[in-house]
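Student: I should like to learn how to read backbone angles and enclosed spaces in a model. Could we take these features in turn?

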Amino acid sequence: MAESLLQLRGLTKHFTTRSPKGKAMVQAVDDLYLDVYEGETLGLVGESGCGKTTTAQLIVGLTTPTRGHVSLEGNDLAELGGKARKLARRQLQYIFQDPNDSLDPRMKVRAIVSEGLRAQGRIGKPELTDKVAEVLSQVGLPVDAMDRFPHEFSGGQRQRIGIARALIMRPRLIVADEPISALDVSVQSQILNLMGDLKRELGLTYVFVAHNLAAVGYISDRIAVMYLGRIVEVGPVEDIMTAPQHPYTQALLSAIPDPDVSAERKARIRLSGDVPGPIDPPSGCRFRTRCPLAEPRCAEEVPFLKPRGAGKAGRGHMSACHLVRSQ
Ligand code: SF4
């Protein structure tokens with residue numbers, strides 16, 4: 001089995017917040033294990049508040065874990081020293097959800113796109129201009145865009161600027177946090193196609209975060225489904241989209257409008273109730289309060305990811321449900 005590029009091991013993020021009853025512990029991400037392989041797009045999907053954005057931020061170091069490790073090719077980023085850590089961090093870049101919020105309106109595109117590069121050390125103005133021009137061209141923007149301000153661009157163009165800002169660092173892996181959810185439907189597919197083209201041309205690896213399973217299914221090679229801070233299912237895109245094992249994934253899939261899917265199949269899993277909060281989540285299986293198949297055991301025992309088929313962990317299909325048997 002090929003070694004993965006990125007390894008998440010026991011990744012956990014808890015933080016305290018104020019609640020009506022006083023201080024409370026938010027379990028945003030809990031004991032998460034995941035591998036991301038070079039050259040793939042891993043879709044990370046789940047409802048709002050499931051911990052996917054926190055996971056994305058943990059990967060690139062925008063927040064630090066409470067427990068657990070983020071490793072690049074087996075090197076724990078928290079244990080790397082100054083220069084090695086800087087180099088490793090440079091290989092992991094982030095595309096923010098909302099280009100309107102993430103681009104400083106007072107800065108010209110040249111300064112926005114080159115900010116990370118300038119922070120890394122001294123670089124001459126001509127070289128900087130060349131590098132900015134190159135990445136603007138890679139994302140389909142004219143070179144003279146560098147002398148304009150963000151408000152002079154459409155939403156889709158602003159997201160291209162956000163992508164250029166990540167690309168200029170020559171990353172190996174880009175974490176894209178809901179990169180199309182703030183855009184008009186008409187430009188969403190353009191951004192997805194651009195990301196696909198860049199992946200092929202530059203050999204990139206993506207972690208693509210979204211709440212929309214249809215968009216994730218379109219761009220991903222593998223999909224990991226999150227619920228209330230945990231991965232409940234992970235596997236190749238075909239398996240997840242056509243033969244989901246976990247009741248939550250089945251429910252997400254049945255919510256996608258598709259005239260070719262029979263009403264009987266779409267009605268297979270209907271969820272009731274809101275997602276419980278990450279403060280004091282349900283015991284055992286966190287999905288049990290909404291799961292139509294829950295049984296007493298589900299309140300007692302935490303279900304862990306199990307592979308379908310002996311020895312098929314790694315890139316194989318795994319789900320965390322007491323009722324799913326290995327085949
Ligand atoms: Fe439902 Fe139980 Fe499976 Fe959780 S472990 S998904 S509650 S059947």
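**Backbone angles and a cavity**

Tutor: Glu 178 counts as buried, because its relative accessibility is 8%, under the 20% limit. Please bear in mind that this is a predicted model.

Student: Where is Glu 178 found?

Tutor: Glu 178 belongs to the loop that joins strand E7 (173-177) to helix H7 (185-202).

Student: How should one read the sign of phi in such a place?

Tutor: In general, most residues other than glycine have a negative phi. Glu 178 is not a glycine, yet its phi is positive, about 50°. Asp 280, likewise not a glycine, has a positive phi of about 55°. The loop between helix H11 (263-266) and helix H12 (297-300) contains Asp 280.

Student: Is Asp 280 buried or exposed?

Tutor: Asp 280 is exposed, because its relative accessible area is 68% and the limit is over 50%.

Student: Let us turn to enclosed spaces. How many cavities of 30 Å³ or more does the structure hold?

Tutor: There is 1 such cavity. The largest cavity has a volume of about 80 Å³. It is lined by 13 residues, of which Cys 285, Cys 291, Cys 298, Cys 321 and His 322 are the closest to its centre. By class, this lining comprises 11 nonpolar and 2 polar residues, with no charged ones.

Student: Where does the ligand sit?

Tutor: The ligand occupies the largest cavity. Among the residues that surround the ligand are His 246, Pro 247, Phe 287 and Arg 288. The shell around the ligand divides into 9 nonpolar, 2 polar and 1 charged residues.

How values were computed: Residues numbered from 1 in each chain as written. Predicted model: local features only at pLDDT ≥ 70, side-chain atom pairs only at ≥ 80, totals over all residues. Heavy atoms only, no water. Near = heavy atom within 4 Å. 1 Å grid on protein atoms, 1.4 Å probe; cavity = no way out; pocket = protein on both sides within 12 Å on 5 of 7 lines; lining within 4 Å. Sits in = over half its atoms within 2 Å of the grid points. Nonpolar A, V, L, I, M, F, W, Y, C, P; charged D, E, K, R; others polar. Points joined across faces, edges and corners; volume = space filled by probe spheres on them. Helix = DSSP H or I, 4+ residues; strand = E, 2+ residues; numbered from the N terminus. Buried < 20%, exposed > 50% of the residue type's maximum accessible area, 1.4 Å probe, protein only.
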